[in-house]
Amino acid sequence: MNFRTTLSLLLLLGGFGSFPVFSGAQSLTDGIFMNKKFLCAGAFYTHEAWDEYWEGTLLRTNGTIGTVTTQNVMLGLNYGITNKLNAVVMAPYVWTEASAGTLAGQSGIQDLTLGLKYNVVAFNGLGGRMSVQAVAGGSLPLTDYVADFLPMSIGLQSKTLFGRGILHYAAENNLTFLLSGTYTLRSNIEIDRESYYTTEQIYSNEVEMPDAAQLYFRGGYYSFRWGAELTASHNMTLGGFDIRRQDMPFPSNNMDVTRVGVEAFYRLPFLGDLQVLGQINQTVAGRNMGKSLGWTLGLTKFINFNKD
Amino acid sequence: MKKHILSLLAFSVLFFAFSACDKDVTGEYAELQALSPASQDLNAGVWKTVVLTTPDEVAVPAPSDVNSAEYQAELAAGKQALAGLSDKQKEIIRYWSAGSVLRWNEIMRYLVAKYNLAPAPNADGTYPVPDASNPFSYPEFPFANPPYSARAYAYASVAQFDALVAGWHFKSLYNRPAPYNVDATIEPYHVAKTSLPSYPLEDAVVAGAAFTMLRALFPADTAFINEKVNEAAWYKQWAGAAVASDVTAGLNLGKSVAAKVLNRAKSDGMKNAIGSKSIQDSLQQRVEALGETSWISLESPRRPGMLMMFGAVKPWLFDPANIESIRPVPPPSVNSDAFKAELEEVKREADPSDREKMRIVHFWADGTGTYTPPGHWNVFAFEEIYNAGQSEVRAARNFALLNMAMMDAAIACWETKYYYMVPRPSQMDPSIKTLTGLPNFPAYTSGHSTFSATGATVLGHLFPSKAATFNAWADEASLSRLYGGIHYRMDCEAGLLCGQVIGGFAVDRARTDGAE
């Protein structure tokens with residue numbers, strides 16, 4: 001049930017490379033809980049591409065980069081510790097390429113995200129079931145990939161901790177909506193240079209990474225057999241600086257992005273309710289980010305560890 | 001249930017502990033020790049200048065006597081200023097007391113990084129050109145690319161050096177002591193007490209030189225430069241280490257000497273360095289007529305080659321008539337087996353999966369939006385000069401030697417690049433992908449290698465105990481370009497050799513300039 005969450009996570013892996021800040025923030029967004037001793041395992045493929053990006057607030061193309069494509073394959077697990085407490089773990093393998101110019105694509109295992117979701121309170125109201133949930137988690141890079149090679153980098157190397165509040169509603173007639181807000185703390189990172197320019201010249205290999213926040217909405221139809229929902233998200237970096245005209249992007253840029261999308265799933269009754277899901281989203285506004293179109297395909301499967 | 005609440009609580013504590021961490025990155029050189037030179041180099045008034053013919057070419061009027069009413073009034077005003085220092089003034093004093101030459105070098109690197117951005121293409125596929133007479137409109141003037149910045153570092157350093165030699169000449173001539181040596185009750189704020197005569201004030205001399213030179217080199221930042229000039233010129237007066245007439249005499253001297261250095265800059269050929277389409281076409285046709293493949297820009301739209309006539313700019317340390325003997329030997333023909341072997345080696349070496357090579361590539365890249373490779377060698381010089389506690393005049397001399405040599409390295413290297421027009425590896429084999437930005441000019445020889453060998457040779461002479469380290473750094477900087485997939489090994493090796501030759505010219509000068 002719970003991997004449509006992971007799905008929305010994947011939507012946000014794109015941009016200039018992929019963003020642990022947003023992936024971490026986006027995970028565990030679902031309002032739905034796994035029952036105790038149920039495991040959900042999932043595998044997902046995501047493809048994102050942009051040929052326009054925001055240099056600061058200026059939307060432009062760049063003939064010497066062409067189209068930048070970021071792909072990833074992600075594996076994830078969601079386990080019901082109790083009916084009210086779920087644990088999620090996931091990690092993607094990411095690879096990038098540019099269609100023009102000479103910059104080499106990068107590839108590798110990116111960041112591990114871990115999270116706990118707790119159902120704080122649930123009650124009946126508005127002809128359905130309302131619940132307030134809390135999510136806490138964090139992420140850390142699994143490999144020593146190069147963060148300071150945007151837009152080809154596969155991630156930003158920052159360790160994160162995030163906290164999220166969720167308001168979830170599911171009506172008797174299977175209509176549903178969800179609102180969430182997230183705050184992500186990001187650790188500073190170290191790069192291979194001993195000096196770099198932001199709005200001043202800094203003589204250090206340490207880069208100050210501003211924190212990040214996210215607002216997220218989804219709503220539509222959700223039943224055991226199938227579901228279809230609209231999604232909208234707005235991710236903000238709380239600080240950082242703009243890419244200067246014709247400069248390269250940098251990990252501590254002020255990256256903002258707003259995305260809208262559609263996602264749907266179906267559980268195949270003839271394959272033991274194997275869940276097939278798909279998602280597509282478009283970046284509609286941004287700053288120091290690629291204007292990407294992304295899509296995901298995934299499979300998830302339940303395993304029941306209860307002794308029946 | 002209780003357990004879960006506890007774990008959530010534990011997480012919250014962790015979360016806020018993490019958020020309380022100090023994330024501010026201030027960098028290494030924000031706070032430095034106040035300069036207290038081991039030697040004042042009191043004889044520097046006779047050191048060999050670069051542009052000035054004699055150290056008294058610009059006159060400095062005799063100062064008032066320390067017993068005169070005029071001087072005593074200045075002294076009283078100074079004591080009053082010292083008693084009423086604001087926090088902002090104290091901060092400025094602490095910053096500049098590390099040494100004016102060091103701090104101006106740091107400011108130069110900031111300005112270079114700020115302006116080291118190539119113009120974005122126009123909608124019609126052409127490229128706009130920065131205009132010195134209209135520096136504020138996009139693209140802002142200058143585009144501080146490596147040759148531009150090598151030249152900027154050189155002129156700024158030479159102006160400061162010549163002005164300081166003149167300053168030292170007049171310090172010895174007039175021998176007017178610093179205020180704390182006139183009035184023992186004055187205890188300067190943060191500035192070290194020395195026996196150096198304070199008229200004309202060395203910091204004001206350097207500030208005057210910076211005023212004239214930096215405003216010409218970075219005209220879009222005039223307001224910022226003016227503010228820094230004001231701080232640098234006056235901080236010692238605020239601190240009780242100089243009187244007002246020390247400052248004004250120093251500023252005037254610095255500005256006048258720099259005006260003479262600026263005259264050289266105006267006629268050194270830089271204004272023609274940008275070249276033109278017809279020049280680039282003829283450079284290309286020349287090598288094609290020899291059966292070679294000419295370099296072309298791999299940017300889209302194709303950008304004119306960077307400063308294609310920089311090789312004709314007037315050097316400091318060698319006679320341009322000798323350029324043929326300085327230019328590296330011809331590279332193998334692109335049609336030869338030797339060239340194919342070079343190309344295959346690049347493909348092998350440019351390996352994005354080798355993390356240590358990636359580190360080397362990025363450590364030395366000094367590309368877009370950075371202080372450039374000459375700036376990187378200025379950082380090394382800065383550290384050595386600071387650690388050695390050199391006098392302002394010796395610091396200026398050493399930066400001038402380094403930066404004259406690196407400008408000459410840029411001239412020799414650019415002359416070579418556009419003479420041979422060797423294509424980049426990715427032009428000959430598009431499957432070669434690069435681990436850093438591909439520079440928009442021909443491959444042979446490597447600019448990084450030339451700059452670095454020059455820098456290592458000059459700094460190795462000035463700081464012999466670190467010579468082996470500098471050479472090792474130059475070798476690594478050179479190889480970083482092969483690992484990055486943007487240079488053949490032949491570019492790197494020929495660049496290193498040429499850089500050593502150019503560095504040697506500066507060493508020859510250093511041995512005979514009276515400072516050793």
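This is a short dialogue on reading a few features of a predicted model.

Visitor: Which residues does each chain bring to the contact, and how many come from chain B and from chain A?

Guide: The size of an interface is often given as the accessible area lost when the parts come together. Here the contact is described by residues instead, with 42 from chain B and 35 from chain A. On the side of chain B that touches chain A, the elements giving two or more residues are helix H1 (2–19), helix H4 (100–115) and helix H13 (355–364) of chain B, and H1(B) gives the most, with 7 residues. That side of chain B divides into 23 nonpolar, 10 polar and 9 charged residues.

Visitor: At what angle do helix H5 and helix H9 of chain B pack?

Guide: Helix H5 (residues 146–174) of chain B packs against helix H9 (residues 244–266) of chain B at an angle of about 135°, and their axes are 9 Å apart. The pair H5(B) and H9(B) is therefore oblique, and the crossing of the two is right-handed.

Visitor: Which residues of H5(B) and H9(B) meet?

Guide: From H5(B) come Tyr155(B), Val158(B), Ala159(B), Asp162(B), Ala163(B), Ala166(B) and Gly167(B), while H9(B) offers Gly250(B), Leu253(B), Gly254(B), Val257(B), Ala258(B), Val261(B) and Ala265(B). The residues of this contact divide into 10 nonpolar, 3 polar and 1 charged.

Visitor: Which residues are joined by a cis peptide bond?

Guide: In chain A, such a bond joins Leu150(A) and Pro151(A), with omega about 10°, and Pro151(A) lies in the loop between strand E8 (128–141) and strand E9 (160–171) of chain A. In chain B, a cis peptide bond joins Tyr199(B) and Pro200(B), with omega about -10°, and Pro200(B) lies in the loop between helix H6 (179–182) and helix H7 (202–217) of chain B.

Visitor: Where does Asp41(B) lie, and is Asp41(B) buried or exposed?

Guide: Asp41(B) belongs to the loop between H1 and helix H2 (69–83) of chain B, and its phi is near 50°, a positive value in a residue other than glycine. Asp41(B) counts as buried because 21 other C-beta atoms lie within 10 Å, the cut-off being 20 or more. Asp366(B), with phi near 45°, likewise has a positive value in a residue other than glycine; Asp366(B) is found in the loop between H13 and helix H14 (372–388) of chain B, and is buried, with 26 C-beta neighbours inside 10 Å.

Visitor: Where is Met34(A) found?

Guide: Met34(A) is in the loop between helix H2 (20–26) and strand E1 (38–50) of chain A, and is buried, with 24 other C-beta atoms within 10 Å. The C-alpha atoms of Met34(A) and Gly80(A) are separated by 4.9 Å, although these residues are 46 residues apart along the chain.

Definitions and conventions. Residues are numbered from 1 along each chain as its sequence is written. Chains are lettered from A and ligands numbered from 1 in the order in which they are written. This is a predicted model: local features need pLDDT of at least 70, side-chain atom pairs count only at pLDDT 80 or more; totals for chains, interfaces and linings use all residues. Axes are lines fitted to C-alpha atoms, for helices over the stretch in contact, and angles run from 0 to 180 degrees between N-to-C directions. Helices (H or I, at least four residues) and strands (E, at least two) are DSSP runs, numbered from the N terminus. Angles under 35 degrees count as roughly parallel, over 145 as roughly antiparallel, 65 to 115 as roughly perpendicular and the rest as oblique. A crossing is left-handed if the near helix is turned anticlockwise from the far one by less than a right angle, and right-handed if clockwise. Two residues are in contact if their C-beta atoms, placed from the backbone, lie within 7 Å. Ala, Val, Leu, Ile, Met, Phe, Trp, Tyr, Cys and Pro count as nonpolar, Asp, Glu, Lys and Arg as charged, and the others, Gly among them, as polar. A residue is buried if 20 or more other C-beta atoms lie within 10 Å of its own, exposed if 12 or fewer, and partly exposed in between; C-beta atoms are placed from the backbone.
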